Amino acid sequence: MTVRDLNSDQFVLLEFKDHIAGPQNVLANNWTASTSVCNWIGVSCGILHKRVIALNLTSMNLRGTIPSHIGNLSFLLSLDLSSNHFYGHLPKELGQLHRLRILQLSYNRLNGEIPSWLGNLQRVRSLKMKNNYFTGTIPETLVNTSSLEILNLAFNQLSGQVPSSIFKISFLKIIDLSSNSLSGSLPNHMCQHLPKLEGLYLSWNELSGNIPFGMGKCNNLKNLSLSRNQFMGIIPRSIGNLTRLQELYLGFNNLEAIKGLTGQIPTSIFNISSLKAINLSNNSLSGSLPNNMCQHLPKLEGLYLSLNELSGNIPFGMGKCNNLKNLSLSCNQLTGIIPRSIGNLTRLWELYLGFNNLKGSASDHEWSFLSSLTNCRNLSTIDVSRNPLSGVLPTSIGNLSKSLQYFYASNCELQGIIPMEIGNLTNLLLLHLRYNKLSGLIPASIGGMRNLQGLRLSSNKLGGTMSESLCGLERLCEMYLGLNKLHGSIPSCLGNITSLRYLYLDSNKLSSAIPSTLWNLKDILEIDLSSNHLYNSHAIDVGNLRSLLKLNLSRNLLTGDILSTFGGLQTLVSLDLSNNILHGHIPESFDGLVSLEFLDLCNNNLSGVIPKSLEKLLYLKYFNVSFNRLEGEIPSKGCFSNFSSTSFMKNYALCGPPRLLVPPCKNDIHKNSQMIILHAFRYGLPTI
């Protein structure tokens, strides 16, 4: 009988093999009738009866449907088909596997509804079906799986409410239903029958209502994740009773029409000594943080409270969170100074304090907190933007961590110079100091920051010439130096920075020929050299800039013709050549600017007619050729039906319809005269 049963198992698995395919035919070559089924890859048999008790084919890149025959493996305890490419519905015959303890089908392409027959698997302990395409609701019959310890249905397309019966399965340790479209509220007494629950993951759903006040009765809870839902109301104080909690995620419940969680953060939360991560960001929480909040948080590694309405000072005791790696308090209403004690967080990786109302110390003109951060040797990000800190950058900025990659200090009312020591930050990727009052020169040492990808120094009072050392930034993607007092020439070597995508030198006092090398940056997306004293030694040829989205050369001293090569810029969205001394005709090739939305050629010496072919520009919303020497009929079809008289005013001899405040065209007058004569003959002659 054992031989017959074993042959039966073999038959089932051979049928299973016929339904699937693998890239290397592993099963086809190994699962053969000539060898014992117990020796097949992925198959385990029982010691006594030699029946198949486990089938583990995880991560074998298998493809196909799960056949119904697998329901005949009556001694099966574990079925693991995860991380493959199985698709289709689950066969109902799987409900016959009454001995099954483990069912793992995650990371496949299975679809259909979660079948109600799963309730027949009364001995199953682990049910994992995450990352598939299951739809519909979660069946109430799951309550029959009374031995269930792990339920993971995350990353599917499930909808409807979470069945309250699930919260009555007393053996449950993990419930993961995150990243679905589940709605409704959670029952207040959900923890009453869950004495062993360690992880509750319901993030990325559409759950609403209040966080249950009875949540504190899940005494063994270690991970609570309810982020990115629509919860509102206050955070229950009872959460402070979860003395084993390690991760608390309640962030991002603030939607457009919902304020999310409100009220103060319960101080009891800061007494849970096991906590490693607290994320309450993007809600409407108010009040201040207790000064001794770190006293009972020795294991805390991440504190995320940004995008709330918190007020008061940053606690001076913050430096006692010795293990803190990520501190995010940005986008609140915090006041006072940034305490030097933050420098005691020697394991800190990321510091986000931007968009608050923090100020510098009245007795300390330099940013002393920045000097204290030199103790944080693992620091990768500093963001203090949008705070009225004032003061100057200390020379100690060069002593910050060599691992620093991002430094944001825009809109901080900074004064003084940029210290040359900043060049020591050789691993920096982004340097943002925009909208300050910085003066002096751009330090040549910045050119040694070979890894820099973004340099944003616009809207300051920086002067002097542009150093050729900037050309050493061979990985630079963004250069924003506009709205300063730079003078002299644009270094021609900027054309060698092939990684450059955004170049903004607008509103300075630059006075040189535009280097022709700039027109070789074939992958650049935006160029703005407007409001300078730049000129061109020969006609500007932009034919190589096939990816260009925006070009602004307005308010300069450009002369000569506009070349027809402009028409090849099919990706161009905005072109501004206004307020120059350009002459010649508007090229007919402009009809090739098929993506163009903005075109300004006003205040030049352009002559000839407006090409009728421009009517083809379907996306053109703004058009201005005023104050030129254009003549002839204004096009009337396509986008031109939306333009007003201001687009064409003060030209030489343009004509068109009366609404554009220009004279009628002569051919229209001639047509009108012919019509009058025709009417005279048609009606007047018979009368006579």
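**Close-up views of strand pairing and selected residues**

**View 1. Pairing of β19 with β21 in a three-stranded sheet.** Strands β19 and β21 (residues 261–264) run parallel and are joined by two bridges. The view is taken from a predicted model. Across this pair, glycine 233 has leucine 261 of β21 opposite it. Both strands belong to an open, parallel-paired sheet of three strands, ordered β19-β21-β23. Because β19 (233–234) and β23 (284–286) each have a single partner strand, they stand at the edges, and one side of each lacks a neighbour in the sheet.

**View 2. Strand β16 between β14 and β18.** On one flank, β16 is joined by two bridges to strand β14 (residues 181–184), and the two run parallel. Here serine 183 stands opposite glutamate 206 of β16. Strand β16 is also joined by two bridges to β18 (residues 230–231), again in parallel. In that pairing, glycine 209 faces phenylalanine 231 of β18 as its opposite residue. Within β16 itself (residues 206–209), side chains alternate between two faces. Leu207 and Gly209 point to one face and are buried, whereas Glu206 and Ser208 point to the other and are not buried. Glutamate 206, the residue opposite serine 183, thus belongs to the face that is not buried.

**View 3. The five-stranded sheet from β39 to β46.** This open sheet has the strand order β39-β41-β43-β45-β46, with parallel pairing. Its edge strands are β39 and β46 (653–655), each of which pairs on one side only. At the β39 end, two bridges link β39 to β41, and these strands run parallel. Threonine 559 is placed opposite isoleucine 581 of β41.

**View 4. Strand β43 and its two partners within the five-stranded sheet.** Two bridges connect β43 to β41 (residues 581–584) in a parallel arrangement. Asparagine 605 of β43 is the bridge partner of histidine 583. Two bridges also connect β43 to β45 (residues 629–633), likewise in parallel. Glycine 608 stands opposite leucine 630 of β45. Along β43 (residues 605–608) the side chains alternate: Leu606 and Gly608 are buried and share one face, while Asn605 and Ser607 point to the other face and are not buried.

**View 5. A nonpolar surface patch around leucine 557.** Tyr535, Leu557 and Ile581 together make a nonpolar patch of about 260 Å² on the surface. Leucine 557 is located in the loop that lies between β38 (550–552) and β39 (559–560). With a relative accessible area of 41%, this leucine is partly exposed. Another patch member, isoleucine 581, is the residue of β41 that stands opposite threonine 559.

**View 6. The surroundings of histidine 432.** Histidine 432 is part of strand β31 (residues 430–432). Its relative accessibility is 11%, so it counts as buried, the cut-off being under 20%. With neighbours within four places in sequence left aside, histidine 432 is in contact with Phe407, Tyr408, Ala409, Ser410, Arg456 and Glu478.

**View 7. Model confidence and the stretch 669–681.** For the protein chain the mean pLDDT is 93, with 95% of residues reaching 70 or more. Over residues 669–681, by contrast, the pLDDT is below 50. Beyond near neighbours in sequence, this stretch has four contacts in the model.

Note on methods
Residues numbered from 1 in each chain as written. Predicted model: local features only at pLDDT ≥ 70, side-chain atom pairs only at ≥ 80, totals over all residues. Heavy atoms only, no water. Buried < 20%, exposed > 50% of the residue type's maximum accessible area, 1.4 Å probe, protein only. Helix = DSSP H or I, 4+ residues; strand = E, 2+ residues; numbered from the N terminus. Pairing = 2+ DSSP bridges. Patch = residues over 30% accessible without salt bridge, like charges linked within 9 Å, V, L, I, M, F, W, Y side chains within 5 Å. Areas by Shrake-Rupley, 256 points an atom, 1.4 Å probe, with all protein chains shown as cover. Salt bridge = Lys/Arg side-chain N within 4 Å of Asp/Glu carboxyl O. pLDDT = per-residue confidence, 0-100. Contact = heavy atoms within 4.5 Å.
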